[in-house]
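Welcome to this short tour. Please open the viewer, switch on residue labels, and follow along one selection at a time.

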Amino acid sequence: MPKFHDLSEYAATIAPIIDAAHVNLHAAALRSVTDLAESSGVTPGLLVDLRFTLPLRPLTRPLLATLYRYGDAALRELGDHLREGTMTEDPGGLLRPTRGGLACIRYLRGNPRLQAGEESDPCGAG
């Protein structure tokens, strides 16, 4: 087994594996994400990527940029979410999903109420 001199060397070595897993995950979720985008008119973007983080705690722009290798794209998607009303930014710079954003996240996570037809609009009102 290879030995690594530092964490960045290890990270560079495993990056292709992490990238492949990330791409495969998004490919598997494509149908749900496409259905959401078509039925609600919102950009799934960060709501998909951060569907397990956003309901638990707010983020900041700097933290969001560190989560993505290509921070500019994440910040462009954030702009879409802010315009669409699926996310909000408070005066202190904390980013949170709105009520509509949380509804989208529940849909993307397979909320049983949506699957049973009890909720018809996956993203509700912002």
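Which residue forms a salt bridge with E89? Select R61 together with E89: the closest N and O atoms of this salt bridge are 2.9 Å apart. Keep in mind as you look that this is a predicted model.

Now colour the elements on either side. E89 sits in strand β1 (residues 87–89) and R61 in helix α4 (residues 61–67), so the salt bridge ties together parts that are 28 residues apart in sequence. Turn on the surface as well: E89 is partly exposed, with a relative accessible area of 31%, and R61 is also partly exposed, at 34%.

A search of the whole structure finds three salt bridges, so there is more to visit.

**Next stop: D80 and R83.** Select this pair, and you will find a salt bridge whose closest N and O atoms are 2.5 Å apart. Both residues belong to helix α5, three residues apart, which is about one turn of the helix. In an α-helix there are 3.6 residues a turn, so residues three or four places apart point the same way. Is R83 buried or exposed? With 65% relative accessibility, R83 counts as exposed, because the cut-off is over 50%. D80, at 25%, counts as partly exposed.

**Then R96 and D90.** These two form a salt bridge as well, with 3.1 Å between the closest N and O atoms. R96 is partly exposed at a relative accessible area of 36%, and D90 is partly exposed at 26%.

**Into the core.** Hide the surface and select L46, L47, L50, L54, L64 and M87. Within the largest nonpolar core, which has 18 residues, these six touch the most other members. Two or more residues of this core come from each of α2 (30–40), α3 (45–49), α5 (71–84) and α6 (99–108). In soluble globular proteins, nonpolar side chains tend to be buried together.

Stay with L46 for a moment. Leaving aside residues up to four places away in sequence, what does L46 touch? Its contacts are R51, L54, L64, Y68, A74, E77, L78, H81 and M87.

**Last stop: helix α1.** Select residues 7–28, the 22 residues of α1. At 1.5 Å a residue this helix should span 32 Å, and its end C-alpha atoms are 30 Å apart, which agrees. Where does α1 kink? Zoom in on I14, where there is a kink of about 45 degrees, shortly before the proline P16.

Conventions
Residues numbered from 1 in each chain as written. Predicted model: local features only at pLDDT ≥ 70, side-chain atom pairs only at ≥ 80, totals over all residues. Heavy atoms only, no water. Helix = DSSP H or I, 4+ residues; strand = E, 2+ residues; numbered from the N terminus. Expected span 1.5 Å × (residues − 1). Bend = angle between axes of the 7 residues up to and from the residue. Core = buried A, V, L, I, M, F, W, Y, C linked by side-chain atoms within 4.5 Å. Buried < 20%, exposed > 50% of the residue type's maximum accessible area, 1.4 Å probe, protein only. Contact = heavy atoms within 4.5 Å. Salt bridge = Lys/Arg side-chain N within 4 Å of Asp/Glu carboxyl O.
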